[in-house]
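Please set out, in question and answer form, how the interior of this protein model is arranged.

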Amino acid sequence: MTIDLFFERLWQQYLAVTPSAESIHTLLGGGAPIINDHIAVRTFNLPNTGVEAFAKHLLAMGYVQGGTYHFANKHLDAAHFEHSDPTVPKVFISELQVESLSPQAQDIVQRLASQVNDELYQRPEVFFSGRPWQLSYSDYQALLAESEYAAWLAAYGYRANHFTVSVNQLAGYQSLQAVNQKLLEAGFNLNTVGGEIKGSPEVLLEQSSTMADQTEVVFSDSKHSIPSCFYEFALRYAKADGELYSGFVEASADKIFSSTDNRS
């Protein structure tokens with residue numbers, strides 16, 4: 001699969017549940033192409049389904065692994081992957097430590113995973129395969145009571161949890177504050193956990209994000225509107241060697257995860 005097709009499939013799937021992203025794209029880009037800094041994908045740390053299962057497809061497309069990360073409060077491990085072409089988005093893959101959940105929640109996750117043929121993970125299409133299992137609303141609620149991450153992943157499956165605009169390559173904007181102001185003036189809601197801007201020049205990365213759209217999801221027993229995906233914005237600063245920092249800041253990313261918090 002070509003990189004262009006890979007990201008086009010991810011983008012179209014993302015837009016289907018995140019209509020605000022297209023409006024933001026038009027607002028900030030004015031019709032011109034926008035370079036994305038990275039996308040993010042969620043998964044479970046079960047055998048053959050975790051970060052490594054997804055990473056092998058990126059490596060085959062010319063990516064290399066960058067940093068690794070741990071989020072103790074949310075019981076997540078993660079890694080990011082980057083391409084030699086700076087216009088190709090980085091990919092941030094996180095996995096939930098399923099063993100950190102209660103026995104009841106672990107049982108739900110195991111039942112979901114058991115519905116999936118392992119062959120799915122052998123193809124790069126797994127990144128945009130959607131929800132490959134049946135899920136009841138009661139099971140969704142049980143997961144939500146313990147882990148928003150687990151509930152979101154159970155409801156939406158495999159897709160880009162968010163795309164991220166590279167403010168460094170966004171024409172007409174010199175700061176993340178200017179981007180945020182444009183979004184607020186247009187009526188978009190921003191994630192304010194830890195402030196509208198997470199990070200600082202001192203840690204070489206500033207990030208902000210919208211709050212996730214609400215989308216109707218069909219469960220096995222009902223339909224409900226729940227948070228879907230969001231749009232993120234990143235401004236990177238140069239390291240001592242003059243190269244832009246390409247990693248992620250755990251304290252900031254931890255707050256960005258709150259962009260899909262349930263507000264129903």
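**Cavities and buried elements**

Four nonpolar, three polar and one charged residues make up the lining of the second largest cavity. Nonpolar here covers Ala, Val, Leu, Ile, Met, Phe, Trp, Tyr, Cys and Pro, charged covers Asp, Glu, Lys and Arg, and polar covers the others, Gly among them. The model is predicted, with local features requiring pLDDT of at least 70 and side-chain atom pairs pLDDT 80 or more, whereas totals for chains, interfaces and linings use all residues. Residues are numbered from 1 along each chain as its sequence is written, and side-chain values use heavy atoms, without hydrogens and water.

Q: How many cavities of 30 Å³ or more are found in the whole structure?
A: A cavity is a set of points on a 1 Å grid over the protein atoms alone where a 1.4 Å probe fits but cannot get out, and its lining residues have an atom within 4 Å of a point. Points are joined across faces, edges and corners, and the volume is the space filled by probe spheres set on them. At 30 Å³ or more, the number of cavities found in the whole structure is three.

Q: Which elements each supply at least two residues of the lining of the largest cavity?
A: The largest cavity holds about 100 Å³ of space. His 38, Ala 40, Phe 230, Glu 232, Ala 253 and Ile 256 are among its lining residues, and the lining as a whole divides into seven nonpolar, four polar and one charged. Helices (DSSP H or I, at least four residues) and strands (E, at least two) are numbered from the N terminus. The elements that each supply at least two lining residues are β1 (36-44), β10 (230-236) and α8 (250-256).

Q: Which element gives the most to the lining of the second largest cavity?
A: This cavity encloses about 40 Å³. Its lining consists of Ala 40, Val 41, Arg 42, Phe 92, Ser 94, Asn 161, His 162 and Phe 257. Both β1 and β4 (90-96) supply at least two of these residues, but the most, three residues, come from β1.

Q: Against which elements do the buried residues of α4 pack?
A: Ala 105, Ile 108, Val 109 and Leu 112 of α4 (residues 103-113) are buried, that is, under 20% relative accessible area with a 1.4 Å probe and protein chains only (exposed is over 50%, partly exposed in between). Viewed down the axis of α4, these residues fall within an arc of 95 degrees, so they line one face of the helix; the arc is that of the directions from the helix axis to the C-beta atoms. With contact meaning heavy atoms within 4.5 Å, the packing partners are β1, α5 (137-144) and α6 (148-156).

Q: Which elements receive the buried residues of α5?
A: In α5, the buried residues are Tyr 137, Asp 139, Tyr 140, Ala 142 and Leu 143. They pack against α4, α6 and β9 (223-227).

Q: Why is strand β7 described as largely enclosed by the rest of the structure?
A: Leu 205, Gln 207 and Ser 209 are buried on one side of β7, and Glu 206 and Ser 208 on the other. The strand (residues 205-209) is largely enclosed because its buried residues number five of the five.

Q: Which residue of β10 is the bridge partner of Gln 207?
A: Strands pair when DSSP finds at least two bridges between them. Antiparallel β6 (residues 198-200) is joined to β7 by three bridges, with Lys 198 opposite Gln 207. Five bridges join β7 to β10, also antiparallel. There, the partner of Gln 207 is Ala 234.

Q: What phi does Leu 204 take in the hairpin of β6 and β7?
A: Leu 204 lies in the loop between these two strands, where the hairpin has four residues between the strands. Although Leu 204 is not a glycine, its phi is positive, at about 70 degrees.

Q: How far apart are the C-alpha atoms of Ser 252 and Glu 206?
A: Ser 252 belongs to helix α8 and counts as buried at 4% relative accessibility. Beyond its neighbours within four places in sequence, Ser 252 contacts Lys 198, Gly 199 and Gln 207. Ser 252 and Glu 206 are 46 residues apart along the chain, yet their C-alpha separation is 8.2 Å.

Q: What C-alpha distance separates Ser 166 from Ile 34?
A: Ser 166, in strand β5 (residues 162-166), counts as buried at 5% relative accessibility. Leaving aside neighbours within four places, its contacts are Ile 35, Asn 36, Asp 37 and Ala 234. From Ile 34, 132 residues away in sequence, the C-alpha distance is 7.7 Å.

Note on methods: On a 1 Å grid over the protein atoms alone, a cavity is a set of points where a 1.4 Å probe fits but cannot get out, and a pocket is an open set with protein on both sides within 12 Å along at least five of seven lines; lining residues have an atom within 4 Å of a point.
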